[in-house]
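Trainee: Could we go through this model together?
Mentor: Gladly; have a look at it and then ask away.

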Amino acid sequence: MAGSQVTPPVPPDSADRGVSWWHRGGWLLLALGALLAGLLMAGCSSGEEAQAHVTINMLDDFFGRDLTRVPIDTSVRFVNDGRNPHNAVDAKGAWKTPVDMKRGDAKLVRFSQPGVYRFYCTFHGTANGKGMAATLVVGNAYYNPAEQATGKTLAPVAQASGQVQRVPQQHRTIQAAVNASQPGDLVLISPGVYREEVKVAIPSLVLRGTDRNAVVIDAEFKRPNAISITADGVAVENLTARNGLTNGVFWTGVKGYRASYVTAHANKEYGVYAFDSVDGVFEHSYASASADSGFYIGQCNPCRAVITDVVAENNALGYSGTNASGELYIVRSTWRRNWAGIVPNTLDTELLPPFREVTIVGNLVEGNGNPEAPGKGIQWGAFGNGVVLAGGNDSVVERNRIVDHPLHGILITPNLDRRFWMSSGNRVRGNVIRGSGRADLALSAPAGNGNCFQGNDVRSSAPPGLQALHSCDGLRLPLGMDLSTMALSLGRVAETHHEDYPKHRPEDAPAPPPQPQLPGGASAPVRPAMDVFTRFSMNLASIPVPANPDGHSATIRKEPTVSGVPILAASPWQLVFALYGYLLPFVLYAAWTSLAFWDLARRDDLGRGATLAWVAVVLLVPFLGVIGYHVLGRSKLPGWLRAAVVGGGVAAYLVILAIGALLGGIA
Ligand SMILES: [Cu+2]
């Protein structure tokens with residue numbers, strides 16, 4: 001206390017006021033920073049829109065789904081993604097959107113009463129269901145799609161009827177054969193190119209081609225889908241579905257579905273797609289040149305579905321599954337040369353977020369990072385990764401072989417939509433990963449609890465030591481999260497916003513190679529898609545890591561990195577965000593520590609013991625120690641300065657991250 005005489009005595013109350021000013025001011029600034037970041041991340045949308053809703057797209061000139069089922073009190077967001085003006089008007093006049101919705105316009109309509117709502121666009125459809133028209137079923141309202149199509153109430157059946165409807169021998173079109181069928185019938189299609197959209201509202205049909213490669217349903221980029229299915233229990237086998245304005249084969253709102261030996265090629269959204277559907281299998285199928293994903297199971301819980309023995313190549317995403325959870329297995333399949341391989345994800349634009357309990361086992365995931373594949377902006381953020389878990393929980397990634405990816409083999413990351421979804425409780429074990437440009441395993445910050453990595457045969461991770469810091473059985477420290485990975489993703493988001501990504505079209509993709517035929521061909525047993533999941537036998541534990549294809553070794557080398565950023569692969573946008581995200585915390589930490597020592601050295605109110613104790617706290621407790629000193633240490637530095645340097649630094653970091661996100665994620 002030798003210098004006490006040079007320090008003017010300060011009345012205790014004003015000293016207290018100084019401390020409490022810091023408490024108020026500093027934490028206020030911190031809280032403001034966090035709040036600002038939170039607000040930016042939440043976007044400028046209204047509260048209602050921030051909640052999960054279901055989206056019905058308006059395209060030229062059709063609605064994205066023939067049938068949408070929602071629970072009571074759901075908001076439905078009608079959005080015009082076409083070029084023409086559209087609207088949605090209830091056929092009985094109960095509700096309507098604005099009449100003249102332009103491209104990009106959206107309207108939320110909330111449905112609180114159960115019922116079957118048929119709606120249409122007044123420009124391109126009629127109230128009695130012709131042209132641009134679709135159906136919305138709210139709550140448990142009774143709806144049998146067959147009634148609308150045939151005037152008859154038809155229930156699904158488990159057994160084949162023994163009847164065969166032949167195309168073109170008995171029926172000139174596939175649609176005519178479907179309309180003439182009873183549940184349990186086989187619609188058997190001979191070789192030919194069928195230029196129609198087949199709408200299936202009769203349950204338990206089996207649509208089968210006699211030759212997978214020569215029976216082609218071609219939507220000619222004029223019709224929404226090759227096949228659209230709204231009835232339960234329908235199987236599609238041994239044919240090719242191509243050139244859909246949206247999808248190749250599409251099930252919506254059904255119980256029981258199956259695709260076997262199906263080829264889906266050059267569809268503008270998805271190849272083989274099940275939405276709001278449960279109890280299904282996609283098997284021995286092939287999808288290429290989809291501008292969104294090859295295979296997609298979305299909005300279900302529990303999904304009770306299996307994807308097995310499929311090949312997805314040259315799509316934006318091999319597999320995408322938005323808000324698809326529970327008893328969902330993606331196994332023994334090949335995902336290669338897409339933008340990204342397997343990407344379960346969480347979005348607010350569909351119901352049931354976040355995704356959870358997805359099991360990904362025994363897949364070969366190879367060379368996803370193919371800029372020649374068709375794609376759209378929304379998937380660009382996933383480019384160059386093998387497996388991405390984007391904002392979901394409690395999923396399992398085991399015994400996959402993952403080779404040659406410009407960024408990561410397996411990436412666990414938060415996903416930003418209208419809300420910010422963190423990933424937690426995911427288990428990554430026993431995978432073999434080679435040839436990742438940035439890291440074989442990556443955990444992007446911020447991440448929730450319980451993500452673990454164990455027994456993976458890998459060469460690198462981001463952050464380093466991921467398997468040691470986040471093991472499944474042993475040590476799990478909340479330290480191993482990597483902010484630079486998040487920052488790198490924000491760079492991608494900015495690129496998307498600036499339309500700075502490759503734009504290849506499904507139309508220009510090379511034709512798919514011939515694919516193997518359904519065993520038994522035309523005379524294979526007829527099995528309607530009933531209790532598909534229960535009857536599918538699979539021994540998960542017996543699925544091994546797949547063999548190395550043609551024994552080749554990885555061709556992508558780990559890239560030289562500077563401050564955590566792969567310098568060759570990074571675009572200018574990525575460099576800006578990644579360098580900032582990587583460096584700023586170190587810069588701040590160094591500045592706070594220097595300031596604390598400088599202050600401690602000049603303090604005369606502390607004894608040697610107290611000073612050394614603070615030095616120890618600052619040095620030994622990462623980040624929090626030095627923040628603790630500035631907040632609680634009664635530093636002689638002016639409160640406003642400490643508030644600006646500590647609180648402002650943290651706030652700046654959050655704001656920069658949020659602005660990066662805002663640039664492309666929400667706008
Ligand atoms: Cu219209």
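Mentor: A definition to begin with: two strands pair if DSSP finds at least two bridges between them, and strands (E, at least two residues) and helices (H or I, at least four) are DSSP runs numbered from the N terminus. The model is predicted, so local features need pLDDT of at least 70 and side-chain atom pairs count only at pLDDT 80 or more, while totals for chains, interfaces and linings use all residues. Residues are numbered from 1 along each chain as its sequence is written.

Trainee: Which residue stands opposite I189 in strand 13?
Mentor: Strand 10 (residues 186-189) and strand 13 run parallel, joined by 4 bridges. Opposite I189 in strand 13 is G209.

Trainee: And which residue of strand 16 stands opposite R208?
Mentor: Strand 13 also runs parallel to strand 16 (residues 234-242), with 3 bridges. The partner of R208 there is E237.

Trainee: Which residues of strand 13 point the other way from V206 and R208?
Mentor: In a regular strand the side chains alternate between the two faces of the sheet. Strand 13 spans residues 206-209, and all are buried (20 or more other C-beta atoms within 10 Å of a residue's own, C-beta atoms being placed from the backbone). Pointing the other way are L207 and G209.

Trainee: How are helix 9 and helix 10 oriented, parallel or oblique?
Mentor: The axes, lines fitted to C-alpha atoms over the stretch in contact, with angles from 0 to 180 degrees between N-to-C directions, come within 6 Å and cross at roughly 140°. Angles under 35 degrees count as roughly parallel, over 145 as roughly antiparallel, 65 to 115 as roughly perpendicular and the rest as oblique. Therefore helix 9 is, relative to helix 10, oblique.

Terms used: A residue is buried if 20 or more other C-beta atoms lie within 10 Å of its own, exposed if 12 or fewer, and partly exposed in between; C-beta atoms are placed from the backbone.
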